[in-house]
Number of protein chains: 2
Amino acid sequence: MATIKEKGQINEATCEQERLAINDTLELLGGKWRLRIMRYLGSREQEHNTFKKMQREIGNISAKVLANELADLEQNMLITRTVMDSRPVTVRYAISTYGKTVLPLTENIAQWGLDHRKMIRS
Amino acid sequence: MATIKEKGQINEATCEQERLAINDTLELLGGKWRLRIMRYLGSREQEHNTFKKMQREIGNISAKVLANELADLEQNMLITRTVMDSRPVTVRYAISTYGKTVLPLTENIAQWGLDHRKMIRS
DNA sequence: AGACCCAGTTACCCACAGGTAAGTCATACC
DNA sequence: GGTATGACTTACCTGTGGGTAACTGGGTCT
């Protein structure tokens with residue numbers, strides 16, 4: 001939260017901190033696929049989500065892009081990657097405990113979008 | 001919120017609706033400048049925010065881009081544009097009542113970003 | 001041996017968000 | 001008349017997010 005000083009001015013340092021934080025978040029979760037992947041994994045925790053399965057079930061994402069996004073999300077601890085010893089080898093992706101903290105955010109974003117649609121139509 | 005059916009499956013229609021809503025939100029508020037502009041105007045309601053003032057005080061935004069972003073935000077009712085009869089003519093931009101509904105969202109995003117920084121460092 | 005499956009890479013391409021620099025239009029001051 | 005200021009345009013350029021297609025590498029099935 002922005003801390004407000006007595007005279008109603010915004011604390012500049014905090015403000016700058018928040019700006020950077022917003023940039024961080026958008027960099028990590030912005031783009032066409034990230035949130036979608038997080039929501040996908042968030043809603044299928046109990047399933048065995050392999051690379052191919054995700055590619056099939058998430059819209060039209062190419063292998064290249066999916067691999068990229070998954071690597072990035074993994075590096076940021078939002079998802080986990082487990083190589084299973086099945087034949088042929090499959091890889092299981094799952095949302096991490098930490099990754100679940102973004103889900104409320106996506107709900108807020110979705111809710112605002114829904115409200116906005118109604119708003120615009122009237 | 002995603003509605004969960006008895007067997008723990010996700011309601012597909014609702015899910016799709018939310019996906020679209022998220023796309024809407026990101027389209028409208030994503031990008032490099034939008035949230036920054038909203039927060040700027042949100043924290044300076046009582047001030048007279050002209051085009052030049054904003055250009056000076058918001059980072060290094062070019063006239064072209066600023067004009068673009070402002071037009072878009074205005075079209076979506078998030079901000080208001082008022083031509084003042086001063087000399088030379090100035091234009092006053094302000095956040096709209098509706099526009100203020102995005103501020104909690106930015107706080108959430110900022111908060112998550114801040115937490116994430118701490119998280120990553122440890 | 002040949003065909004198929006998974007989990008990716010690699011190389012190439014393109015549209016577009018966003019940046020730079022200069023120009024326009026109206027008014028006002030010196 | 002010349003210069004300045006606010007609020008934009010206009011023309012042009014570039015980086016990169018994301019798309020396509022084909023390929024690698026390891027394993028299995030017949």
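User: How many residue pairs are in polar contact between domain 1 of chain A and domain 2 of chain A?

Analyst: This is a predicted model: local features need pLDDT of at least 70, side-chain atom pairs count only at pLDDT 80 or more, and totals for chains, interfaces and linings use all residues. Residues are numbered from 1 along each chain as its sequence is written, chains are lettered from A and ligands numbered from 1 in the order written, and side-chain values use heavy atoms, without hydrogens and water. A polar contact is a pair of N or O atoms within 3.5 Å; within protein, one must be able to donate a hydrogen and the other to accept it, and residues adjacent in sequence count only if both atoms are side-chain atoms. With both residues at pLDDT 80 or more, the pairs number 2.

User: Where do the two domains of chain A lie in the sequence?

Analyst: The bounds come from an automatic or database domain assignment. Domain 1 of chain A is 1-30, and domain 2 is 32-121.

User: Which three residues supply 91% of the area that domain 1 of chain A buries against domain 2 of chain A?

Analyst: Buried area is the accessible area (1.4 Å probe) that two parts lose on being put together, summed over both. Between these domains it is about 510 Å², with 69% from carbon and sulfur atoms. On the domain 1 side, no other three residues give more than Leu28(A), Leu29(A) and Gly30(A).

User: In chain B, which residue has the C-alpha nearest the axis?

Analyst: A rotation of 180° with 0.0 Å of shift along its axis superposes chain B on chain A, RMSD 0.1 Å (least squares on C-alpha atoms of residues with pLDDT of at least 70 in both). The copies are thus related as by a two-fold rotation axis. At 3.6 Å from the axis, the nearest C-alpha in chain B is that of Gly30(B).
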